[in-house]
Amino acid sequence: MVRYTEAEIIVANAAREIEDGDIVVIGQGIPMAAGVLAKATHAPNCVILTEAGMVDIDPFRNLLHIADPTCTRGYAYSCDMVDVFTTIVNRGLVDVTFLGVGQIDRYGNMNSTVFGDYDDFRMRMMGAGGAPEFFGYARKAVLTMRGGKFVEKVDYVSSPGYLEGYDARDKAGFPPGSGPKVVYGTKGVFHFEAESKEIYLNGLFPGHSIEEVRAEVPWELKVADDLQELPPPTQEEVDLIREFAPEISAGRKLQVELSIPRILNILSERQA
Amino acid sequence: MLRKWMEKDKRMSAREAVERFVGDGDSMVIANCLYSTPYALLHEVMRQRRRDLTVFQQGGIDELDQLILGKCVSKLIIAYNFRIAGERIETVLERALRRGEVEIEDYSNYTLLAMLQAGAMGYPFLPVMSGIRESDVCRVERFCAGQKFGEVECPFTGEKVMVVGGRNPDVAVLHVQRADMSGNAQLWGALINTKWACLASDRVIVSCEQIVEEDVVRSSPHLTIVPSFRVCAVVEEPWGAHPSELLGFYDYDMVYRSLLFMQTMSEEGGQAFMDEWVYGVENRQEYLQHYADRFGLKYLNELKARSYLSVPADYGASWRRAWDDDDVSFNFQMTRDEFLQALEEKGGFVDG
């Protein structure tokens, strides 16, 4: 039996969203681990790039940020952010993009900017970054959500999803077929209905129930008739993830807990 | 008129560069985003207590926190700023916004950079991907209200196209691997926003790990990210991007960054950081000495890059000149005397 962490099952399942030969735009963290895992297993010919202009990287450890070139021994094409967004994203060449979620509503509209009122906020998140354009123009946007929230209405639309649902997105002029496709939460995976574009639960990770998921969603969440049980990661996948990014396996909380003693040691060692 | 910077030797200290070329109330763009953050120059801006800057922040990790702690920033045009802390911890940026010390205008990565691209190209505006129209990035405007996004009709298709206006910051600061003394600056690694941020700006201050001979640049012009005539100052500053990373030189310093993060979780801690690492040192050399005293050089040495040399691009050619060593023209197969004779007879000389 494979023993795995919450992050590892998300990484392993998210990796399956990438097909061999895909052009994939990814940021640091769980998405990059998914990309690297896909490249190491079923999609050796996928091209991984970041919006910083590092194209076809082959990361041997997790990136600190999207412009971290110390994670890879060279890459095939060095361009800049304008090149990525215009000649790659806007031309429709991105097959898959992964994005993190702060808040998301039932039609996949996403907030990564601010919780609460824009001026009288509860919290400022990292900001829109590259998300609106990736979300808007990639063939398939895959969202990963740990700590993110489902809400009736997002406090700020950083990245428009299906707007009010149905054909609203097409009417607004987004490329046909674009928009969020899959959301990975900590308990399962969500897809969007073909016609209404409303999000629904499509699969559960082992050990979780529909009721648990519904408790996190403030509306009557729809559930697929043929709800899947998502496979746990294989031993090979778990080993690869831990080899590449043990901190991803650990999750943020444990990562902080494990790294603080080292930092304190260094400080006290020198001050002694 | 955009000023050309033609001095042959622009070498100076960070202090002099900031004294001369960064003023209170300027708009400033940090021309390396995430990668190779120009901390040496930014710390000098903080030490000289520049005030009321409008900062274009494409994406950053902790440099913006420091500029805000230094009370340098009044307006922020931003796409992304890293956050590790959860909701319970108030970040430096949140504190400044709540107190009304800093105003903010949110863009996306591409739309922010497109403003600088338009500015660099001398265009009044540039189209951006129109999906931004449906976002609050477009709808929510603050101090850029009325100037944030526009919509034009394509004269060829009639399609409605979203545009951003060109922006020209007063000054760009950046850190690169190497430059010559006239300011040809060479950067490799994540090129991200650097070219457009520099070329949009009126003044460009370059710091570099090494000042190199002109011939180094001339044999590798594909690495030059901004040409000398756009650069007003060149500062040699080893470890000038620490604690961020620079290919060929050093990795990011996670331990130092964690320390910074833990300190800036409180206002007092943040000020203590500034007192110790910014105000408490005179310059980058003292900063490095302080690092060595505090943590030991061992930790700095652990960050040093191993070498992975780019295969040189051969910029050679036959270098054949119009006249060979025997004074014979390759194209005419005649001596210089024979050529001058032909010119005399058939060249249509005009007496002047």
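Student: What covers the buried residues of α3(A)?
Tutor: The cover includes β2 (47-50) and α4 (131-137) of chain A, together with α5 and α7 of chain B. Helices (H or I, at least four residues) and strands (E, at least two) are DSSP runs, numbered from the N terminus. This is a predicted model, where local features need pLDDT of at least 70 and side-chain atom pairs count only at pLDDT 80 or more, while totals for chains, interfaces and linings use all residues. Residues are numbered from 1 along each chain as its sequence is written, and chains are lettered from A and ligands numbered from 1 in the order in which they are written.

Student: Which residues of α3 are buried?
Tutor: In helix α3 (residues 81-89) of chain A they are M81(A), V82(A), V84(A), F85(A), I88(A) and V89(A). A residue is buried if 20 or more other C-beta atoms lie within 10 Å of its own, exposed if 12 or fewer, and partly exposed in between, with C-beta atoms placed from the backbone.

Student: How many residues does each chain give to the contact?
Tutor: Chain B gives 49 residues and chain A gives 48 residues. Two residues are in contact if their C-beta atoms, placed from the backbone, lie within 7 Å.

Student: And which element gives the largest share on the side of chain B?
Tutor: That is α5(B), with 4 residues.

Student: OK, new topic. What does α5(B) lie across?
Tutor: α5(B) lies across β5 and β7 of chain B, at about 70° to β7(B). Axes are lines fitted to C-alpha atoms, for helices over the stretch in contact, and angles run from 0 to 180 degrees between N-to-C directions.

Student: What is the strand order in that sheet?
Tutor: The order is β5-β7-β6 in chain B, an open sheet of 3 strands with antiparallel pairing. Two strands pair if DSSP finds at least two bridges between them. The edge strands are β5 (125-127) and β6 (150-153) of chain B.

Student: How many bridges join β6(B) to β7?
Tutor: There are 4 bridges between β6(B) and β7 (residues 160-165) of chain B. For V152(B), the bridge partner in β7(B) is V161(B).

Student: Switching again: is D24(B) buried or exposed?
Tutor: D24(B) counts as exposed, because it has 12 C-beta neighbours inside 10 Å. D24(B) is found in the loop between α1 (14-21) and β1 (27-30) of chain B.

Student: What is D24(B) in contact with?
Tutor: Leaving aside neighbours within four places in sequence, D24(B) is in contact with R50(B), R51(B) and D52(B).
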